[in-house]
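The following briefing is intended for a computational chemist. Please consult the sequence and the coordinates alongside the text.

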Amino acid sequence: CEDCAIGIKENKDILHMVIAHMEKWKIEPYREEDHKGLVRHVLIRKGFTTGEIMVCLILNGKKFPGLSDLVDNLKKIDGMTSISINVNTEHTNRILGSEVIPVYQEVYITDYIGDVKFRISPLSFYQVNPEQTEKLYQMAIECAGLTGTERVVDAYCGTGTIGIVAAKQAGSVIGVELNRDAVRDARVNAKLNQTDNISFVQGDATRFMAQMAADGEKADVVFLDPPRSGSTEECLDAIDKLSPQKVVYISCNPETLARLSLIH
């Protein structure tokens, strides 16, 4: 269960409903060792500002016995906005599959970081502590020292959170993200906020920045918010060739953050 600023009681209520339903309908949890069982995970998200709640059942299949009964119970929870099924039938420890099946209302919820509105889908990464996220992003933008003229690259941009917030104080922003679903949400988020000085590229951040450098292009500021494994040496080398005035690196692992010393 991913707990995204959702109250402990709400969280427990949702999980108890799902578990009780599984017991009633004799639905087996997924077992990674033999690739048997149906329910792999339950993803729960809540918009900290909007109060909208998402429940996504991650299944080793497409059908969930007695689904309508479970939906009827989940709908009783205040703020329930999105119920969906994510299909992951691969023999892997990866949490989410690529297919999302809508069950109740939309397959996304919305939330705000400051006055910037974002659409969040099950496949989109979103920081799990929105209060601290707002402070973190504001600090990152302050560190960048944006004056309104800079060309900015937001690498590993996800749904565009940092880039869209930064675009208000930059000349232009390019967001780069490998995940197609995240890029689709990022483009929607830019439109939601009427941000027309940002564009998004679906692709590998390292290759994109290396190609920018090979084409003789420059970036004034680069934001980096990579996965837990951190940025690769190749990515940092590509950034080095772009000769940015500032690199702002958001890291959840000090060991991978140390690689930043590779940029001259």
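Helix H6 (residues 205-214) lies across four strands, E8 (151-155), E9, E10 and E11 (221-224), and runs at about 155° to E8. The angle is taken between N-to-C directions on a scale from 0 to 180 degrees, with axes as lines fitted to C-alpha atoms, for helices over the stretch in contact; contact means heavy atoms within 4.5 Å. Helices (H or I, at least four residues) and strands (E, at least two) are DSSP runs numbered from the N terminus.

This is a predicted model, in which local features need pLDDT of at least 70 and side-chain atom pairs count only at pLDDT 80 or more, whereas totals for chains, interfaces and linings use all residues. Residues are numbered from 1 along each chain as its sequence is written, and side-chain values use heavy atoms, with hydrogens and water left out.

**Sheet and packed helices**

- Helix H7 (residues 233-242) lies across E11 and E12, at about 165° to E11.
- The open sheet consists of 5 strands in the order E10-E9-E8-E11-E12, with parallel pairing; two strands pair if DSSP finds at least two bridges between them.
- E10 and E12 (246-249) stand at the edges with a single partner strand each, so one side of each is left without a neighbour in the sheet.
- From one strand to the next, the twist averages 15°.
- E9 (residues 172-177) and E10 run parallel and are joined by 5 bridges.
- Val 173 has Ile 198 in E10 as its bridge partner.

**Confidence**

- The protein chain has a mean pLDDT of 90, and 95% of its residues reach 70 or more; pLDDT is the predictor's confidence in each residue, from 0 to 100.
- Among the elements of the chain, strand E1 (residues 3-4) has the lowest mean pLDDT, 44, and strand E10 (residues 198-202) the highest, 98.
- The pLDDT is below 50 over residues 1-6, a stretch that has 28 contacts in the model beyond near neighbours in sequence.

**Overall dimensions and surface**

- The secondary structure of the protein chain comprises 8 helices and 12 strands.
- The radius of gyration of the protein chain is 20 Å, which agrees with the value near 18 Å for a compact globule of 264 residues; it is taken over C-alpha atoms, and the globule rule is 2.2 Å times the number of residues to the power 0.38.
- Along the principal axes, the C-alpha atoms fill a box of roughly 60 × 40 × 30 Å.
- Of the 264 residues, 47% are buried, where buried means under 20% relative accessible area, exposed over 50% and partly exposed in between (1.4 Å probe, protein chains only).
- Among contacts with a separation of 6 or more, 63% involve residues 24 or more positions apart.

**Individual residues**

- Ser 84 is placed in strand E4 (residues 80-87) and is buried, with a relative accessible area of 1%.
- Leaving aside residues up to four places away in sequence, Ser 84 touches a set of residues including Val 55, Cys 56, Leu 57, Val 100 and Pro 122.
- Most residues other than glycine have a negative phi.
- Lys 26, although not a glycine, has a positive phi of about 55°; Lys 26 is in the loop between helix H1 (8-24) and strand E2 (39-46) and is exposed, with a relative accessible area of 71%.
- Gln 194 also has a positive phi, near 50°; Gln 194 is in the loop between helix H5 (180-192) and E10 and is exposed, with a relative accessible area of 74%.
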